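Grab a pencil and open the viewer. Below are some exercises to work through with the model on your screen, each with a worked solution.

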Number of protein chains: 2
Amino acid sequence: MQDLLRRFKADLFQALAHPTRIAIVEQLRDGELSAGALIERLGIEQANASQHLAVLRAKNVLTNRKVGNQVFYSVRDRLIIQVLDIMRQYFHAHMNEIVATLKAIDKADKARR
Amino acid sequence: MQDLLRRFKADLFQALAHPTRIAIVEQLRDGELSAGALIERLGIEQANASQHLAVLRAKNVLTNRKVGNQVFYSVRDRLIIQVLDIMRQYFHAHMNEIVATLKAIDKADKARR
DNA sequence: ATGGTATATTCTATGTATCGAATATTGTTA
DNA sequence: TAACAATATTCGATACATAGAATATACCAT
């Protein structure tokens, strides 16, 4: 059981472990949005957005409701948003090192291209 | 910047997105432990533990200090533990569905073998 | 120096995640 | 019904993550 619980948590973290999916959740912080609105705001491919939304749906991070042609998404439980807020605190607490790390990542990224 | 921040958050979630790594962080909740002690408590391969510890170190979730032959690990910032605590709340809030999901996962796992 | 213990790293095989392109589905409107 | 709009799914290529086996490193004791 303890073990299953850990797998569940890991699964949930996995669901959030992508910048685009974080962006989606952040966009939904203040209420629901249609898939189309999300795509527009994030400026990403429709198929890609839909795939990420599917991940978040599968892990029950988001719920959706259909209204005619459109699908509106919202965050199912604000605890998820709370987690993101703590992450923000964490970020502020460790700004210095983090910025250094980010720069390193960015540099590595550019080198790879 | 907003973008880099999201990548940072995603990275941190990624670091926590494995049951073994969650178990490690949970073991360290009340203070530091040596790598050996962790391995013993979790009952996993030495090399595997070391790899997971490397991930957690790389993302600055853990810090370590050497004492002679041994390396003691601890959680760098209790905010991380707070995140896990919120996950626990989340778990309790959605117990029913989660248990169903876990069973499904388990079943799929067994079918795969 | 030699051997032993604790931990880390590298290698390799396998599985999982991601993207964009193409296609399918569902609902709406003419 | 046909055409269109919004969203979802499937596919194929590439990248990333994981486990275990083998090997390396660091420190201690003799």
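The exercises below go through the chains, the sheets, a helix pair and the DNA surfaces of this predicted model.

**Exercise 1. How are the two copies related?**

Find the turn and the shift that lay chain A on chain B, and say what kind of axis relates them.

*Solution.*
Step 1: Start with the general idea. Two copies of a chain are related by a rotation about an axis and a shift along it.
Step 2: Now put in the values. A turn of 180° and a shift of 0.1 Å along the axis lay chain A on chain B, with an RMSD of 0.1 Å.
Step 3: The two copies are thus related as by a two-fold rotation axis.

**Exercise 2. Where do the chains touch?**

Work out how many residues each chain gives to the contact, and which elements of chain A take part with two or more residues.

*Solution.*
Step 1: Count by chain: 31 residues come from chain A and 32 residues from chain B.
Step 2: Look at chain A's side. Its elements with two or more residues there are α1 (2-16), α2 (19-27), α5 (78-93) and α6 (95-112).
Step 3: Pick the top contributor: α1(A) gives the most, with 11 residues.
Step 4: Sort chain A's side by class, and you get 21 nonpolar, five polar and five charged residues.
Step 5: Compare the copies. Of the interface residues of chain A, 97% are also interface residues in chain B, so the copies meet through the same surface.

**Exercise 3. Draw the sheet of chain A.**

In what order do the three strands of the chain A sheet lie, and which strands stand at the edges?

*Solution.*
Step 1: Take the first pair. Strand β1 (residues 33-34) of chain A and β3(A) are antiparallel and pair over two bridges. Here Leu33(A) is opposite Tyr73(A).
Step 2: Take the other pair. Strand β2 (residues 62-67) of chain A runs antiparallel to β3(A), and six bridges join them. Two spots to check: Arg65(A) is opposite Phe72(A), and Asn64(A) is opposite Tyr73(A).
Step 3: Put the pairs together. The result is an open sheet in the order β1-β3-β2, with antiparallel pairing.
Step 4: Find the edges. In chain A, β1 and β2 each have a single partner strand, so one side of each is left without a neighbour in the sheet.
Step 5: Look at the turn. The hairpin of β2(A) and β3(A) has two residues between the strands, and Gly68(A) takes a positive phi near 60° there.

**Exercise 4. Now try chain B.**

Which strands are the edge strands of the chain B sheet?

*Solution.*
Step 1: Write down the order, β1-β3-β2, for an open sheet of three strands with antiparallel pairing.
Step 2: Read off the edges: β1 (33-34) and β2 of chain B each pair on one side only.
Step 3: Check the pairs. β1(B) and β3(B) pair over two bridges, with Leu33(B) opposite Tyr73(B). Six bridges join β2(B) to β3(B), and Leu62(B) has Val75(B) as its bridge partner.
Step 4: At the hairpin of β2(B) and β3(B), Gly68(B) has a positive phi near 55°.

**Exercise 5. Describe a helix pair.**

At what angle do α3(B) and α4(B) pack, and how far apart are their axes?

*Solution.*
Step 1: Two packed helices are described by the angle between their axes and the distance between the axes.
Step 2: For α3(B) and α4(B), the angle is about 115° and the axes are 10 Å apart. The crossing is right-handed.
Step 3: List who meets whom: Ala35(B), Leu38(B), Ile39(B) and Leu42(B) of α3(B) meet Gln46(B), Ala49(B), Ser50(B) and Leu53(B) of α4(B).
Step 4: By class, this contact has six nonpolar, two polar and no charged residues.

**Exercise 6. What surrounds the DNA?**

Which element gives the largest share of the surface near DNA strand D, and which does so for DNA strand C?

*Solution.*
Step 1: For DNA strand D, 23 residues surround it, and the closest are Gly36(A), Ala47(A), Ser50(A), Gln70(A) and Gly68(B).
Step 2: The largest share near DNA strand D, six residues, comes from α4(A).
Step 3: DNA strand C is surrounded by 23 residues, with Gly68(A), Gly36(B), Ala47(B), Ser50(B) and Gln70(B) the closest.
Step 4: Near DNA strand C, the largest share, six residues, comes from α4(B).
Step 5: By class, the surface near DNA strand C has seven nonpolar, 15 polar and one charged residues.

Note on methods: Residues numbered from 1 in each chain as written. Chains lettered and ligands numbered in written order. Predicted model: local features only at pLDDT ≥ 70, side-chain atom pairs only at ≥ 80, totals over all residues. Near = placed C-beta within 6 Å. Helix = DSSP H or I, 4+ residues; strand = E, 2+ residues; numbered from the N terminus. Contact = placed C-beta atoms within 7 Å. Nonpolar A, V, L, I, M, F, W, Y, C, P; charged D, E, K, R; others polar. Least-squares fit on C-alpha atoms with pLDDT ≥ 70 in both. Axes fitted to C-alpha atoms, helices over the stretch in contact; angles between N-to-C directions. Left-handed = near helix turned anticlockwise from the far one by under 90°. Pairing = 2+ DSSP bridges.
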